[in-house]
Amino acid sequence: MNTPSTERPGLLHRSGRWCARHAWRVVAVWVLALVGIGLANHAWGGSYADSFSLPGTSTQTGADLLDAHTSGSGGTAAPIVLRSGQGPVGDHRAAIDAAVAGLGRLPDVLSVADPLSTPGAVSANGDIARITVRFEGNPATFDPSYLAGVDAAVEPLRADHLTVEYGAPLGQLATPKSADRTSEAIGLGVAVLVLLIGFGSVAATGLPLLTAVLGLAVSLAGLGLLAGQFDFAQASPTLASMMGLGVGIDYALFLATRYRALLHAGAEPAEAVGRTVATSGRAVLVTAATVAMALGGLCVSGVGFIGTLGVAAGLSVVVAAAASVTLTPALLGLLGRRIDRLHVRTPVAEPTGESDVWHRWALRVSRRPWLVLVSGLLLLGILSVPVASMRLGHVDAGAQSTSRTDRRAHDLVTEGFGPGANAPLTVVTHLDSRQVADEGRRQALAASLQSSLAAVPGVVSVTPPVPSPDHVLLITTVTPTTGPQDEATADLIHTLRDDTVPRALSGTGATGYVTGTTAATQTFTDTLAAKLPLIIGVVVAAAFLLLLTVFRSPLIALKAAVLNLFSIAAAYGVVVAVFQWGWGGALFGVTEKVPVESYVPMMMFAIVFGLSMDYEVFLLSRIRETWLHRGDNHLAVATGLASTARVITCAALIMTSVFLAFLLSTNVAVKMLALGLGVSVIIDATVVRLLLVPASMYLFGRANWWLPGWLDRLLPHLDPEGPPGLTGRTGRRAHRVSRVRRVCRVRRELRATGPRRDARPRTRPEGRPMKQRLTRARAALRRHLALTVTAAVVLVAVLAAGAAEFAARTVLQHRVAAAAPALGGNVAVRTPGGSVLWDLARESIPRLDISSDDARLGRLSHVRVTARLDEVRLGGEATVGSTHVQVTASTPSIAAAIRSAAPSVPVSAVTTDPAAGTVLASVGPGGAGQLTLRPVLAEGKVTLAVDGFTLFGRSVPTSRLGLDDGGLGAGPGAGEYPLGLKATSVQVGPDGLHVALTGGPSALPGGA
């Protein structure tokens, strides 16, 4: 059986050797990848912002109804909070008017509410006020340069000695840059120190750091490029940095350590690299697959926000693993035997495991395994006690650093209006047809609903329900007595949604929904809490199957999963104690007790479970390697623990320092993740690896390696580390032969030490049974190859599907632009929650979102349009089931339309008067004349009717302009609307006209 040198090495062995012999090519490829992806990210990369979408929930339904039936409630609202140091805010009327007008002229602003004319916008003592600005999109996703325009617009306020602060989400755009780079520098500095002390070699210290940093740079550039096409949470790059830097250093360190051990054993450098990749490199791939699988399990939640966080972290892990098995071998090949030339002390590699302190520790554990096991479990149980009181929620701006403007705005609102003013709830009532047609019914229902809401404990005020412009909705605002993150506010939301509103509307035919930012975050929390058991079940089951396949032992796989659950519970307990109970939270910059951010437990579970499997796989692979050679469970445990102790300890110290360094972040959720992940690594590297794993394996004895024959034949073979020198087919065959010889040796020992239980003749392993076993081994190898090929095909199919999906989105966007030329050239198309490729293949799109800022509608041009098309059918004659459109016509667009409709009217400029609901057109040189126009909604069309004309302040008949009093067909109603659209509402805003249109089933123009 001594034939390894005569057979072709495995794929990993050959790839590692090739990278070592062609090192500069590999390095050049990675550098080119970094430059290319970095430039692409600079050109087409996107930004990060928290965006929650919960289709099918009551909260989302209420928000969609508001968007469809009101033009002033759409978009995203953000408050700008003012405070007067001397006297009431009303004394600064001129500055406020200038700021409101300036904000209204900013791009992407739908409306601006004047605080002096908006009820409830000024505090009781008059020194604090709120300007509510509605943006077309989430302002947190805007380019940071947008803030310059906002600052310029509010400059009159600051010049008038008013304090101005930006509330969330606008305040998120002004948030000081996170200390991610500082945290990364601290992590790298600690890594250098640990590696130099632990191994002594300067080159062996720098190599893992270089690999990790280059891999992290590539993954962050790729993540930024993806953010240009998909929505990623604000914490995505921070989470990717934490994971990429931590595992990148660990993976490269494991390979460098094995390489140095093989060099010291006399191997030739290129061959040593090949054997390193074939052994430790295989373990790296298995652990990376485990971590990526755990992170991928987050997609099971069905919540896009959580799924993107998992994708961001998983991307950094995959890139780190790819760098470890390609770039690390190349750098090792360049260093060759010079890897230990520069050193700060005598370089050391893996210990032999015979007289090492860790070997002696393992033997000490073997003498009292029950005591060690119970002590370790008791410690984890104590740390897990706080988990029973964990409360999920959303950490509001009040818990952020006072250096952030959104925190200061939150404090001002709390001071002037009470804590509940930061957590308003919007109750949307969808009326039936009788109530829409009968004003008396509407008023009676509004009065009854208001009294029911006001009677609920925990409500400080309820605004009178106001009908929407089309009378389809009643809209009211409920202000709680407590802030957004208080448990009482969450209870109030559940009471309103599940009890008060349904009971108040029972028997009326109307349906009520509780929506708003606070209600959305609570619904998000409830959804994640309900999904957490599913995520845990899926990830644990998948990890169990992977470990069962790798180590071929049901007991080891089950033990690893159970111990990891214990360590995760302990990490949860520490997070609850520090942040929710407030035990030491001030040390980390959190001065008040806060709930655990809703997505932190789910993210922690996926990451901690994956990282715990990292160390588990590396430790168990060495234990199994010794077991296959020696057949002695006690010796295997002691040797495996001793041979991996130094490298795993160093890796754990590095990863802990990387995680804990991110406590410097200004984001409280990132602080929670950093502390939880750091504590979990400490627990896993000490309590689990030094106490629980060896104690449990000593107690189980030979049962650790028991595997039923039928399961052995069913499972594919994925050895995490083959013994040195045994790779490819030879290594797998040698593993099976070693097991057969071990069984025969045990049988001979039994025959020598005791009576035989039967007289049946024993068959020699070298005879026919051996051939049968080797035949089965070859069959298993064929199954393994078949699975590998299948996995490769699936991977290629997934990549091809992703490319096809991107191409399909591009095709759809061009088809929409070509079919609807009125939308102009700048068209954005989205299909929320579905596959465009699948939709195009079946010629049906459930929902199509279209936006353009260069559209035409009637005589109006350069208008902003946001449209939602439901149930789009593309086969034969293209049709759409229903359409909802929001149109914003700016004042320059209105002026151009008036000139087009009435060339005799010399319009010089157009302004609006939202309070009066009119459009004012300046006519003649110097604006001597003023034409007053009023939008009129009739029969589904909007026109601008002439309301009056003044010349030098005197009223003049409109006949002087060649116009009659019947109206000016210059509005959006000039001409037919496409898609059978009918205007349902029109409002005059500071920036122009806002028109809402809806349409039923109709044919798409151009057969899109």
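Q: How many salt bridges does a search of the whole structure find?
A: In this predicted model, the search finds 13 salt bridges.

Q: Why is the contact between R83 and E415 called a salt bridge?
A: The term requires a side-chain nitrogen of Lys or Arg within 4 Å of a carboxyl oxygen of Asp or Glu. The closest N and O atoms of R83 and E415 are 2.8 Å apart, so the pair meets the definition.

Q: What makes the pair of R83 and E415 a tie between parts that are apart in sequence?
A: R83 belongs to strand β1, whereas E415 belongs to helix α14 (residues 405–417), so the salt bridge ties together parts that are 332 residues apart in sequence.

Q: Why are R83 and E415 both described as partly exposed?
A: Partly exposed is the class between buried, under 20% relative accessible area, and exposed, over 50%. R83 has a relative accessible area of 27% and E415 has 48%, so each value falls in that class.

Q: How do you know that D97 and R93 form a salt bridge, and what separates them in helix α4?
A: Their closest N and O atoms are 2.9 Å apart, and the limit is 4 Å; the contact therefore qualifies. Within helix α4 (residues 93–104) the two residues are four residues apart, a separation of about one helical turn. D97 is partly exposed at 32% relative accessibility, and R93 is partly exposed at 35%. Salt bridges with shared partners also join R93, D97 and D114 into one network.

Q: Why does the contact between D498 and R497 count as a salt bridge, and why is D498 called exposed?
A: The N to O distance between these side chains is 3.7 Å, and the cut-off is 4 Å, so the contact counts. D498 has 55% relative accessibility; exposed means over 50%, and D498 is therefore exposed.

Q: How do you know that strand β3 pairs with strands β1 and β2?
A: Pairing calls for at least two bridges between two strands. Strand β1 (residues 76–84) and strand β3 (residues 128–135) have eight bridges in the antiparallel sense, and strand β2 (residues 109–113) and β3 have four, also antiparallel. Both pairs therefore satisfy the definition. Among the bridge partners in β3, T132 is that of P79 and F135 is that of V109.

Q: What makes R360, R364, R367 and R368 a patch of positive charge?
A: Arg counts as positive, and these four residues gather on the surface, so their patch is one of positive charge. R360 is found in helix α12 (residues 357–367).

Conventions: Residues are numbered from 1 along each chain as its sequence is written. This is a predicted model: local features need pLDDT of at least 70, side-chain atom pairs count only at pLDDT 80 or more; totals for chains, interfaces and linings use all residues. Side-chain values use heavy atoms; hydrogens and water are left out. Patches are made of residues with over 30% relative accessible area and no salt bridge: like charges are joined within 9 Å, nonpolar side chains (Val, Leu, Ile, Met, Phe, Trp, Tyr) within 5 Å. Accessible areas come from the Shrake-Rupley method with a 1.4 Å probe; for residues, only the protein chains shown count as cover. The place of a charge is taken as NZ of Lys, CZ of Arg, CG of Asp or CD of Glu. Buried means under 20% relative accessible area, exposed over 50%, partly exposed in between (1.4 Å probe, protein chains only).
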